[in-house]
Each structure stands twice: as C-alpha cells, then as structure tokens.
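Student: Hi! I have a model open and would like to talk it through with you. Can we start with the strands?

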Amino acid sequence: MILAIDVGNTNIVFGGIENGMTAFFSRVNTDRNKTEDEYAVIFKTLVEINGLKGVLFDGAIISSVVPQLNDILKRAVELFSGCTPIIVGPGIKTGLDIRIDNPATLGSDLVVGAVAALASYPKPIIIIDMGTATTVVAIDKDGIYRGGIIAPGVRVAMESLTGNAAQLQGISLSTPKKVIGTNTADCLRSGVVIGNAAMIDGIIDRMKDEIEGEPYIVATGGLSSTVIPNCRHKIKLDNDLLLRGLEIIYNKNKQ
C-alpha cells in the first residue's frame, strides 16, 4: 500500500492506495504552524482510526502547493511510516504532455489530477477541482494538457463577501430550494452555490468550443459534492482522483 498525501492551501488529503483502489482517505486542515512531530501524530492517528493499525506502507508520495510544508511533511512521514516520500515537482516523471506557455509553472495538483484522469476516463477530458481555488482544465483528444482557468474558490468568495458586507453573515453551504431567494441567507446560498454551478457550466460550454470532440467531464475537491449536483452538464464526481494520480506517479518514479 502506498501512502499518498495531497497538500492544498486549505486541506491536506491523506490516504492509502493500492492498485488503484483507495483503502482510506481523510481530510485535515492545512496548518503551516504545526511541526513534523505534530503531523506525524495526526497521520498515525488517522491510519489507526481507519482500522489499519500496524500497517506497513511500501512507499509514500506528496503533492503540495504549500512549499513551506514540504520538508516538515517529508520528515513527518519518515517519522511515522519509515518511508522517505517522493515529492512531486521538477524532475519527476509523470508521462503528461503539457502544452502551456511555461510547463514548469503548472501546479503539482493539476498535474496529478490530469495524470489520474487520463488513466481513468476517455479523451478529451475536462477536469474540475474545487478547493481554495476552483480550477477547470482541458485535455484534448490526443491526451495533451492544453491549459484551463483558475477562479476564486467557493469558500474564499463567500468569506470575502461576508467579511466585507456588514449586513451579510456567514452561512452554511447548502443548496437553496430555488434560485430566487426570499431571505438574505437563501440569496447568499443561491449566489454562492448556484452561481458557481452556473460559472462551471458556462466555462465548460466555452471550453467545448476550443477542443475537438465531446469531452468527458470529471470533478473532484472538497466542495465539488455541494456545487456539482447543481450543474446542468453531466459531470462525474471522483473524490479519489488525486490519490490515484499520486499512485501512478509513484510507480513511475519508485527506485
């Protein structure tokens, strides 16, 4: 079993995967102030509460968009598992054909998601990832990564709005019963949830104009399960996408 860790700005997805099957996965808050010892305790506890106490991992891999945590998490993984993790970055073999202005600037999370999608779904593919930022990227019929969009994430947008408008308070994120809200909370829910769903539908329509063929559309990320069911396009929800991508990249790079 491979230990796979995807580090985002808001959450760290931590899981075990073997032969493309996820044995477990958990989400914890990304905390830049924690030490390697604290993260090691968290990881060990997550493994145990998922019923895998005493499991021996064959290896580990980390994808991170928070560079200041890379060394801390590397040492944390070594402390609790004995494995030295591969860090996804320059020099790592992915097999992905990237055709953007500067491929070296492509975020590791986008690389990992694209690798997994190519292994799992027919081409062309549109991949949606809803986290701190919402990203939508396109892979063409030849399996070439063509680029995409980055937009403010659902929570980032909502927190910015409620933090800067005195009469708006934080609300729970849930789907409103109808688009036209009749109270402040439902208006805000509609704007955030339905508004993001409509944005994604619109981006998909415009991307389809720029790639040949009918794309398969897949979504992942912590907030996708709230927003994607409100989209009008047929979109596959895949919470394990990045973990599977990490296993594929690990297998391409293991010693």
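Student: In which sense do strand 2 and strand 3 pair, and over how many bridges?

Tutor: Happy to help, and keep in mind that this is a predicted model. Strand 2, which covers residues 11-18, runs antiparallel to strand 3, and eight bridges join the pair.

Student: Which residue in strand 3 is the bridge partner of Val13?

Tutor: That would be Arg27.

Student: What is the strand order of the sheet, and is it open?

Tutor: The sheet is open and has five strands in the order 3-2-1-4-5. Its pairing is mixed.

Student: Which are the edge strands there?

Tutor: Strand 3 (21-29) and strand 5 (86-87) are the edges, as each of them pairs on one side only.

Student: Back to the start of that sheet. Where is Asn19 placed?

Tutor: Asn19 sits in the loop that links strand 2 and strand 3. Its phi is near 50°, a positive value in a residue other than glycine.

Student: Is Asn19 buried or exposed?

Tutor: Asn19 is exposed: its relative accessible area is 69%, and the cut-off for exposed is over 50%.

Student: New topic, peptide bonds. Which form does the bond from Lys123 to Pro124 take?

Tutor: That bond is cis, and its omega is near -5°. Pro124 belongs to the loop between helix 3 (108-120) and strand 7 (125-130).

Student: Let's zoom out. How many helices and strands are in the protein?

Tutor: The protein has seven helices and eleven strands. Its radius of gyration is 19 Å, close to the 18 Å that the globule rule gives for 255 residues, so the protein is as compact as a globular protein of that length.

Student: And what box do the C-alpha atoms fill?

Tutor: Along the principal axes, the box is roughly 55 × 45 × 30 Å.

Student: What share of the residues is buried?

Tutor: Buried residues account for 47% of the 255 in the protein. As for contacts with a separation of 6 or more, 58% of them join residues 24 or more positions apart.

Student: What about the surface: how much of the accessible area belongs to carbon and sulfur atoms?

Tutor: Carbon and sulfur atoms hold 49% of an accessible surface of about 12700 Å².

Student: Last one, charges. How many positive and negative side chains are there?

Tutor: There are 24 positive and 27 negative side chains, and the centres of these two sets are 4 Å apart.

Terms used
Residues are numbered from 1 along each chain as its sequence is written. This is a predicted model: local features need pLDDT of at least 70, side-chain atom pairs count only at pLDDT 80 or more; totals for chains, interfaces and linings use all residues. Side-chain values use heavy atoms; hydrogens and water are left out. Helices (H or I, at least four residues) and strands (E, at least two) are DSSP runs, numbered from the N terminus. The radius of gyration is taken over C-alpha atoms; the globule rule is 2.2 Å times the number of residues to the power 0.38. Buried means under 20% relative accessible area, exposed over 50%, partly exposed in between (1.4 Å probe, protein chains only). Contact means heavy atoms within 4.5 Å. Accessible areas come from the Shrake-Rupley method with a 1.4 Å probe; for residues, only the protein chains shown count as cover. Lys and Arg count as positive and Asp and Glu as negative; His and the chain ends are not counted. The place of a charge is taken as NZ of Lys, CZ of Arg, CG of Asp or CD of Glu. Two strands pair if DSSP finds at least two bridges between them.
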